[in-house]
Amino acid sequence: MAMLLNEATEQGEHSLKRELGAGSLTALGVGAIIGAGIFVLSGLGAHYAGPGLMLSFVLSGLGCAFAGLCYAEFAAMIPLAGSAYTYAYATLGELFAWIIGWDLTLEYAMGASTVSSGWSNHFIEFMRIFHVRIPLWLAYDHWTGLRAAQDIVARQMTHSAHPELAPGTQSFLQAVDALKLSSSAELAQRAHQLLSAPHIFGVEIGFNLPAFVIALLITWVLVVGIKESARFNAIIVAIKVTIVLFVIVLGMRYVNPGNWGSDWHSFAPYGFSGIGAGAAYIFFAYIGFDAVSTTAQEAKNPQRDLPIAIICSLVACTVLYILVAAVLTGMVPWREINIEAPIARAFFDRNLGWASDIITAGALAGLTSVMLVMLLGQTRVLYAMANDGLLPAKFFSAVHPKFRTPYKNTILVGLLAAIVGSVTPIDDIGKMVNIGTLLAFVIVCIAILVLRHTNPGQHRPFRTPWVPFVPVMGILFNGYMMYKLGWVNWARLIIWLIIGLFIYFFYGRHHSKVQKALTDSATAAD
C-alpha cells in the first residue's frame, strides 16, 4: 500500500500529465456509459420486461451503483492509473491483481473492438441518409457481411411472400429467422451474389474498413494527449446528451399512458422475472463507468473529483435511461417495439423520418466516445501493470516526452482493436466483455470488505457508505448477472484467465517490483 501511495504522488516528465477536473471526469463517465445501449438494447429489454423496462434500468443501475460506491473509495484513497487492477493489488495481493488486470483486457480492449464494429454499422446507416452505400465486403468482416447479405435477401423474400407483415415487427422478424434457418439454396445463392466479395486464393474476403479507420483515428487522438482527448470526448458527449434529451422531449408528445398498463400484470407482463431478464440484457448499456478511475494520475484533484465523477455519471445516465424507456414504451405498445432500432423506428413510424436520422447520428456519436474511453482505460491499466514490473516497462509504461501519454502501448492497443474489429465477428466477444466487467465489479466489492478488515485506520478521503451492506449487495447483484450469462461464457472466461496465469508465472512474477523488494529485504535481513 505504501509503495502505491508513493507512486500516486510522483511528478515529472516520466509521469502522466494532470489535466482533468471534475467536469471532464464526469464527461468521460457519461461518454463511457451512453452508447448504443440506450438506442438499441432497450428494444430487446422491452420484449422481456414490457413497460417494466423502466425498472430493469433501475435494477442494472443499482448493481453498478453499489460497485461504483466501492470504486469511489478506492479511487480517492489510491489515485493511480489502473482502476480495479490497482485496487486488487493494494488489498488482495499481486496474483489477484494480475488476474483482474488480465480480466480488464476483456472489458476494455475487446470492448473497443466490439464498439468499433457497432460504430461501423451506424456509420453505414448514417451514410445512407446521403445516399452513399458502402459495399458489404468493405463494411463488415466476411462472416458478418455474409450474414448481413443473407438478412437483406431474407427480408426481401419474406416481404414478397408475406406482404401483410409490417417490416420490423416481431412477427416479421420471426418469419425472417425461420427462412434463414431453412437452409434455402436460393437464399444462399442470392446472398453471395449480393456480397460480391473479392477472392484471394479462391477464398472470399471481407474487411470492415470503417471499424479499422475509426479505431486508428481514436488511437491518434489518445496519443496526442489526455487534455485533447477529454476535450474531444466532451464535445461528443454534449452532442449525444442533447440528442437523448431531444428523444425525451419530442417523444413525450406522442406518449400514450395506456401503453404503460393499468395494473402490475400489464406493466410487467412476465413479472419480476421478466424485469430481471431485461436488466441482464440491458446491463451492456452501463459498461464503462469504471473507466473513469483509470485516469486517476491525470486528475487534478483525484481524491475529491473521482468519487464525484463516478457517482454523478452513474446517476445522470440512469435517469436518462429511465426517461427514454418511459418514452419508448409509452410511444409503442411493448409487443410492437422494434428490436433492431427501437427508438429510431418509433419516431419513423410517426412519420418523423428527420428525427430518426438525428437519432442515428446520436448513436454514432455515442459509440465514438465509448470507444475513446475504453481504449483510454486499457492503455492506463497496461501502464499501471508495467510500472509494477508485471509487463515490460520500456514498452508499456514509456511516456511520450511531448504529449506525456503512454504512446507505445496506446498505438499497440489501438492497432489490435482495429484489426480485431475489422476482421472478426464480435457477437461472442461482446458477451465476454460483459462477464469480464462483472467479475471486475465483484472483485472491487470484495476488496473493500478485505481492506476495511486489514487496514481500518487508512486515511480515506471518501468512504463507501453502509459497509458491509453496499459491497455485499454489489457482490450479489453483479454475481447474479454473471450467473445468468451461462456456462459457455464462464468457460471462455476461465480459459482466458488460464492464458493470463501462464504469462504471469513465466514473466510477471520474475520481474515484479514487489517481489524484488521482498527478496531484497529478506537478503538484507540475512
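The exercises below, each with a worked solution, concern a predicted model of one protein chain.

**Exercise 1. Describe the overall make-up of the protein chain: its secondary structure, its burial, its contacts and its surface.**

Solution.
- Step 1. The secondary structure consists of 23 helices and 2 strands.
- Step 2. The protein chain has 526 residues, and 56% of them count as buried.
- Step 3. Among contacts with a separation of 6 or more, 82% are between residues 24 or more positions apart.
- Step 4. The accessible surface is about 21900 Å², and carbon and sulfur atoms account for 67% of that area.

**Exercise 2. Determine how many disulfides the model holds, and examine C445.**

Solution.
- Step 1. The cut-off is a pair of cysteine sulfur atoms within 2.5 Å.
- Step 2. For C445, the closest cysteine sulfur is that of C70, at 3.9 Å, which is too far for a bond.
- Step 3. The relative accessible area of C445 is 0%, so C445 is buried. C64 is another residue at 0% relative accessibility and counts as buried.
- Step 4. The count for the model is 0 disulfides.

**Exercise 3. Check whether the length of helix α14 fits its number of residues, and list its buried residues.**

Solution.
- Step 1. Helix α14 covers residues 271–282, which is 12 residues.
- Step 2. The expected span is 1.5 Å times one less than the number of residues. For α14 this gives 16 Å.
- Step 3. The end C-alpha atoms of α14 are 17 Å apart, in agreement with the expected value.
- Step 4. Buried positions in α14 are G271, G274, I275, G276, A277, G278, A279 and I282.

**Exercise 4. Find the salt bridges and work out what the pairs connect in the sequence.**

Solution.
- Step 1. The cut-off is a side-chain nitrogen of Lys or Arg within 4 Å of a carboxyl oxygen of Asp or Glu. The count by this rule is 4 salt bridges.
- Step 2. E73 pairs with R452, with 2.6 Å between the closest N and O atoms. Since E73 belongs to helix α4 (residues 53–77) and R452 to helix α20, this salt bridge ties together parts 379 residues apart in sequence. E73 is buried at 0% relative accessibility, and R452 is also buried, at 18%.
- Step 3. R155 and D151 form a salt bridge with closest N and O atoms 2.7 Å apart. Both are in helix α8 (residues 142–161), 4 residues apart, which is about one helical turn. D151 is buried, with a relative accessible area of 17%.
- Step 4. K180 joins D151 and R155 in a network of salt bridges.
- Step 5. R190 and E186 meet at 3.3 Å, N to O. In helix α10 these two residues are 4 residues apart, again about one helical turn. R190 is partly exposed at 29%, as is E186 at 43%.
- Step 6. A helix has 3.6 residues a turn, so residues three or four places apart point the same way.

**Exercise 5. Locate the nonpolar surface patch and name the helix that contributes the largest share of it.**

Solution.
- Step 1. The patch is made by L95, W490, I494, I498, F502, F505 and F506, and its area is about 720 Å².
- Step 2. Helix α22 (residues 487–511) supplies the largest share, 6 residues.
- Step 3. I498 is in helix α22. I498 has 41% relative accessibility and counts as partly exposed.

**Exercise 6. Pick out the unusual backbone geometry at P468, H131 and S196, and place each residue.**

Solution.
- Step 1. The reference is that most residues other than glycine have a negative phi, and most peptide bonds are trans.
- Step 2. The peptide bond between V467 and P468 is cis, with omega about 10°. P468 is in the loop between α20 (427–454) and α21 (469–483).
- Step 3. H131, not a glycine, has a positive phi of about 60°. Its loop runs between α6 (94–129) and α7 (136–139), and H131 is exposed at 75%.
- Step 4. S196, also not a glycine, has a positive phi of about 50°. S196 is in the loop between α10 and β1 (199–200) and is partly exposed at 48%.

**Exercise 7. State which residues H192 contacts beyond its neighbours within four places in sequence.**

Solution.
- Step 1. H192 is in helix α10 (residues 185–195) and is partly exposed, with a relative accessible area of 35%.
- Step 2. The contacts of H192 outside those neighbours are L146 and E204.
- Step 3. E204 is 12 residues from H192 in sequence, with 9.6 Å between their C-alpha atoms.

Key
Residues are numbered from 1 along each chain as its sequence is written. This is a predicted model: local features need pLDDT of at least 70, side-chain atom pairs count only at pLDDT 80 or more; totals for chains, interfaces and linings use all residues. Side-chain values use heavy atoms; hydrogens and water are left out. Buried means under 20% relative accessible area, exposed over 50%, partly exposed in between (1.4 Å probe, protein chains only). Patches are made of residues with over 30% relative accessible area and no salt bridge: like charges are joined within 9 Å, nonpolar side chains (Val, Leu, Ile, Met, Phe, Trp, Tyr) within 5 Å. Accessible areas come from the Shrake-Rupley method with a 1.4 Å probe; for residues, only the protein chains shown count as cover. Contact means heavy atoms within 4.5 Å.
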